[in-house]
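Ready to practise reading a structure? Work through the short exercises below, and try each one before you look at its solution.

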Amino acid sequence: MRYVIDAFIVISIFFALAGTVGLIRMPDAFCRMQSSTNIATLGVLGVIIGGILYSAVYLHNGEMAVKLAAMGVFYIVTNPIASHAIAKGAYRHGVRPDKEMKCDKYGEDMEK
Amino acid sequence: MKMDELIFFGICFVVLALLLFYRLIKGPSAADRAVAADSMDILVDMALILFALYTGRSVFLDIAFITAILGFIGTTLIARYLEGKL
């Protein structure tokens with residue numbers, strides 16, 4: 001059981017590392033936002049599932065397991081809202097991708 | 001039984017959060033800085049969860065939950081401000 005928990009957390013660390021490298025290395029702002037979503041979904045879920053297993057099997061503490069499950073649901077619900085809001089705000093603020101866009105429906109709608 | 005490797009995993013998350021200071025300081029636009037700060041918040045949350053599991057005290061879980069809520073509110077507020085509707 002210990003190795004199962006370790007595997008969940010290591011998977012989570014791998015995805016957090018991928019998101020961090022993408023956030024540092026990607027060329028423009030929208031690529032970086034897309035890469036940072038990695039941290040908040042798969043990087044969180046591994047730790048949450050591993051923590052639920054650890055607190056239920058080894059600590060025999062149901063309170064911690066329920067709190068962890070509530071945190072996981074909170075992350076899954078709120079992360080898309082924050083990502084959407086920050087992308088829309090960046091576009092309205094004047095941030096554009098590096099390459100010329102082939103199709104920009106949101107900009108056309110905004111001008112109307 | 002204590003799993004000592006939880007501490008090392010927590011240190012990994014904190015090191016990842018420290019790496020994001022590069023983007024927080026250098027980031028060309030304000031949206032980059034907001035995204036980097038939000039990601040650092042989440043990574044420190046993960047380290048707090050692992051520390052709570054290591055010590056077996058659920059106080060740190062409460063702190064992590066509050067930090068998550070504050071990070072979400074802060075990101076949404078910055079987004080609304082950039083949008084010009086605040």
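Helices here are DSSP runs of H or I with at least four residues, strands are runs of E with at least two, and both are numbered from the N terminus. Keep in mind that this is a predicted model.

**Exercise 1.** Work out which pattern chain B follows along its sequence.

*Solution.* Start by counting elements: chain B has four helices and zero strands. Then read along the sequence, and the pattern is α-α-α-α.

**Exercise 2.** Describe the overall dimensions of chain B and set its radius of gyration beside that of a compact globule.

*Solution.* First, look at the box: along the principal axes, the C-alpha atoms of chain B fill roughly 55 × 25 × 10 Å. Next, take the radius of gyration, which is 15 Å for chain B, whereas a compact globule of 86 residues would have one near 12 Å.

**Exercise 3.** Find what percentage of chain B is buried, and how its contacts spread along the sequence.

*Solution.* Of the 86 residues in chain B, 43% are buried. Now consider contacts between residues at least 6 apart in sequence: in chain B, 51% of these join residues at least 24 apart.

**Exercise 4.** Analyse the contact between chain A and chain B.

*Solution.* Step one: chain A gives 40 residues and chain B gives 40 residues. Step two: on the side of chain A that touches chain B, α1 (2-25), α2 (29-57) and α3 (62-93) each supply at least two residues. Step three: α3(A) provides the largest share of that side, 16 residues. Step four: sorted by class, this side of chain A holds 25 nonpolar, eight polar and seven charged residues.

Notes
Residues are numbered from 1 along each chain as its sequence is written. Chains are lettered from A and ligands numbered from 1 in the order in which they are written. This is a predicted model: local features need pLDDT of at least 70, side-chain atom pairs count only at pLDDT 80 or more; totals for chains, interfaces and linings use all residues. Two residues are in contact if their C-beta atoms, placed from the backbone, lie within 7 Å. Ala, Val, Leu, Ile, Met, Phe, Trp, Tyr, Cys and Pro count as nonpolar, Asp, Glu, Lys and Arg as charged, and the others, Gly among them, as polar. The radius of gyration is taken over C-alpha atoms; the globule rule is 2.2 Å times the number of residues to the power 0.38. A residue is buried if 20 or more other C-beta atoms lie within 10 Å of its own, exposed if 12 or fewer, and partly exposed in between; C-beta atoms are placed from the backbone.
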